Amino acid sequence: MLSGTAFEVYEFAVAHPGWTKETASTALGYTIRDLNIAIGELVSRQLLQQPAPDVERYVAISPDVALSQLVDSDERLLIDLRTKISGHRADMAALVPTYLAARKRVSLDTSVEVLEDPAVIRKLLVDYGRDVAEQVLISQPGSGSSADVHEEGIQKDLELLQRGVIRKNISHASTLDHVPTRKAVAAISPAGGEYRTLPYVPLKIMIFDRNLALIGRQLHPEDRGALVVRDFNLIQVFINLFHVAWELADPYVLDGQDSEASVLNGIQHAILNAMAAGYSDEVIARRLDISVRTCRRHIAWMLEQLGADSRFQAALKARDAGWL
């Protein structure tokens, strides 16, 4: 926006073609210093121009002509900037194949690497997920990923299974009540994907064949960093740990399948087992990664369903009902 002074000077210049600073100062009541500031503002917008460099007089320029001059200058700058960005993008893109090839040739003396950037981690997952030939093992804490994440992964998992790749996933028991996870399991299980649940999943792990293991660092709840393990022996340790957890885990039960989970959902079944083991509400909630209030709400519901007056009586009646 033009200042008020600049607007008045421009209006005066249009109406008085032979104007000077002195006549403008007398007519408008502005000092020469104020006029110089206003003239500089108008010149920068191409609204005033000097007929020649050595002429002290200024000529008013039509706004549409001034605009075309400004736009032409800005367009040239924009074209130059776009050319520069395209050059940077081409340079970086040319390095990507070299970067990925070098990643796969990393020697064992750098077998564990820390990655901080989630975008780099996703790129690594895509790279190894594309080349996996034997198995993908996943251990996933938390209550489940978003529907968008599952939708993106379903087709990739189906393609892996069609190539004969083993796909196993251990997730938190709360995902039995998570609709996006249930839909993903329903889509992938018929093709051979295997899913199981545990009431507590301590580590976020993704293992590709015996070539790479990606371990969530989990220094704090918002930590997105990951450890990239390429050492064969260390990867085998994580594979063994996964198989131990797999044997302890319960099959992921969908609606319509015969199981005691049809009576209780996954989190309720885990709470009931913990109650039978004598754990307090606070300990159960912490182990299952839920609030104490949520835990107690599930317990109250189960006591009501069982017609029990105490936790001890609930455990006895649960065994009689086949819930344990």
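Which residue in β9 is the bridge partner of Val-112? The partner is Val-229, and this pair offers a way into a predicted model, in which local features need pLDDT of at least 70 and side-chain atom pairs count only at pLDDT 80 or more, while totals for chains, interfaces and linings use all residues. Residues are numbered from 1 along each chain as its sequence is written, and side-chain values use heavy atoms, with hydrogens and water left out.

The protein chain holds 12 helices and 10 strands, where helices (H or I, at least four residues) and strands (E, at least two) are DSSP runs numbered from the N terminus. Its radius of gyration is 35 Å, well over the 20 Å that the globule rule gives for 324 residues, so the chain is more spread out than a compact globule; the radius is taken over C-alpha atoms, and the rule is 2.2 Å times the number of residues to the power 0.38. Along the principal axes, the C-alpha atoms of the chain fill a box of roughly 105 × 55 × 35 Å. Of the 324 residues, 34% are buried, a word that stands for under 20% relative accessible area, with exposed meaning over 50% and partly exposed in between (1.4 Å probe, protein chains only). Among contacts between residues at least 6 apart in sequence, 67% join residues at least 24 apart, and contact here means heavy atoms within 4.5 Å.

The pair named at the start belongs to β3 and β9, which sit in an open sheet of eight strands with mixed pairing and the order β3-β9-β8-β7-β4-β5-β6-β10. The strands at the edges are β3 (112–115) and β10 (250–251), each with a single partner strand, so one side of each is left without a neighbour in the sheet. Strands of a sheet pair through backbone hydrogen bonds, either parallel or antiparallel, and two strands are taken as paired if DSSP finds at least two bridges between them. Between β3 and β9 (residues 226–229) there are four bridges in the antiparallel sense.

Further into the strand order, β7 is joined to β8 by four bridges, and the two run antiparallel, with Ile-205 opposite Ile-215 in β8. These two strands form a hairpin with three residues between them, and Asp-209 in the turn has a positive phi of about 50°. Four bridges also join β7 to β4, again in an antiparallel run, and here Val-136 has Phe-208 in β7 as its bridge partner. In a regular strand the side chains alternate between the two faces of the sheet. In β7, Ile-205 and Ile-207 point one way while Met-206 and Phe-208 point the other way, and all are buried.

The pairing of β4 (residues 135–140) with β5 is parallel and runs over six bridges, with Ser-139 opposite Ile-170 in β5. Strand β5 is mostly covered, since six of its seven residues are buried. In the loop between β5 (166–172) and α7 (179–188) lies Ser-174, which counts as buried at 16% relative accessibility and, not counting residues up to four places away in sequence, touches Gly-142, Ser-143 and Ile-267. Within helix α7 itself is Ala-184, buried with a relative accessible area of 5%; leaving aside neighbours within four places in sequence, Ala-184 is in contact with His-150, Ile-154 and Tyr-195.

Helices also pack on the sheet and on one another. Helix α5 (residues 118–131) lies across β3, β7 (205–208), β8 (212–216) and β9, and runs at about 150° to β8; axes are lines fitted to C-alpha atoms, for helices over the stretch in contact, and angles run from 0 to 180 degrees between N-to-C directions. The axes of α10 (residues 281–288) and α11 (residues 292–306) come within 9 Å and cross at roughly 110°. That makes α10 roughly perpendicular to α11, a term for angles of 65 to 115 degrees, whereas under 35 counts as roughly parallel, over 145 as roughly antiparallel and the rest as oblique. At this crossing, Asp-281, Glu-282, Ile-284 and Ala-285 in α10 meet Val-292, Cys-295, Arg-296 and Ile-299 in α11.

Two loops complete the tour. Gln-46, in the loop between α3 (32–44) and β1 (48–49), has a positive phi of about 65° although it is not a glycine. Gln-218, in the loop between β8 and β9, counts as partly exposed at 37% relative accessibility.
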